[in-house]
Amino acid sequence: MITRRFALAATLAAAGLPAAAHHGWGGYDAANPVNVTGTIQRVSFDNPHGTIWLQAEGRTLEVVLAPPFRMLNRGLRSEQLKVGETVTIMGYPRRTTANEVRAEWIRIGQQTTQLR
Amino acid sequence: MEHEAHAWLAAIEASPFAVLMRESLWLYPLAGVLHVVGIGLLLGSIVAFDLRVLGAARAVPLADAARWLLPIARGGFVLAALTGAAMFSADATHLADNPAFLVKGALILLAGINVLLFHLVLWRGEPVAGPLTRRSALASAALWVCVASAGRLIAYF
């Protein structure tokens, strides 16, 4: 099912525009954390939050990361988030929208970066 | 109607300024810092003035309190409004869906109506005596505190 928000995100994605979500942690279901390993399709290292679109389990998952400044301070550079790279994230699904997750951490190779 | 609003928001988000707000590493955090500074100036000065209207610190003449505090409140509001608009542009479509943001917008509207009521009707170089003036001052303090609170809560929805 394609929700309105997802349709908007897809539209913006098609237009080549970043669609960084600005949702607080409260909008995500912390009681149901998910671990996902997938391939990066698209990256936005933008304010207010970075976002990656992960191809995983036959679908595209929008994964909301942290503000760029925080990621840099914790040693995660934009060059490490490459299209085609395989990464693992742990995060919480958005309550109101399918296929959107807010990541608690992201693992690239041996490096795990906390995002909260 | 809703479709039109979304087209508008998407256009704001696609503007060169909004792109700059997103892509610059430090512009968005800087706007966030200055936003808080603006809120501090606005809230501190307006609550002090409202308390004076309500009868606190009678040793300070009301006209002096107004002359000192209201320009600080205006300056704080302008700073908060400009930096808020800048941050809004970066993320307009999502913020328009955020319940705390919508509540904040409605509260700012009410606070603005109260400002007009106070300065156009209840202020003649000094406040017009009466219960409406006191209620307006009380509403001002309460509304601006709630505006700041709702703003903080945007990050939790």
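**Exercise 1. In what order do the elements of chain A run from the N terminus on?**

Before you start: this is a predicted model, where local features need pLDDT of at least 70 and side-chain atom pairs count only at pLDDT 80 or more, while totals for chains, interfaces and linings use all residues. Residues are numbered from 1 along each chain, chains are lettered from A in the order written, and side-chain values use heavy atoms, with hydrogens and water left out.

Solution.
- Step one: count. Chain A holds 2 helices and 6 strands (DSSP runs numbered from the N terminus: helices are H or I with at least four residues, strands are E with at least two).
- Step two: read them off. The order is α-β-β-β-α-β-β-β.
- Step three: check burial. Chain A has 116 residues, and 52% of them count as buried (under 20% relative accessible area; exposed is over 50%, partly exposed in between, with a 1.4 Å probe and protein chains only).

**Exercise 2. Find the unusual backbone spots in the loops of chain A.**

Solution.
- Step one: recall the norm. Most peptide bonds are trans, and most residues other than glycine have a negative phi.
- Step two: look at omega. Asn47(A) and Pro48(A) are joined by a cis peptide bond, with omega about 0 degrees. Pro48(A) sits in the loop between β1 (34-44) and β2 (51-56).
- Step three: look at phi. Glu57(A), not a glycine, has a positive phi near 50 degrees; its place is the loop between β2 and β3 (59-64). Asn99(A) also isn't a glycine, yet its phi is positive at about 65 degrees, and it belongs to the loop between β4 (86-93) and β5 (100-108).
- Step four: why does Glu57(A) count as exposed? Because its relative accessible area is 60%.

**Exercise 3. Place Leu72(A) and Ile113(B), and class their accessibility.**

Solution.
- Step one: take Leu72(A). This leucine is in helix α2 of chain A, and it is partly exposed because its relative accessible area is 32%.
- Step two: take Ile113(B). Helix α6 of chain B holds Ile113(B), which counts as exposed because its relative accessibility is 52%.
- Step three: go across the chain. Ile113(B) and Ser140(B) are 27 residues apart along the chain, and 9.9 Å separates their C-alpha atoms.
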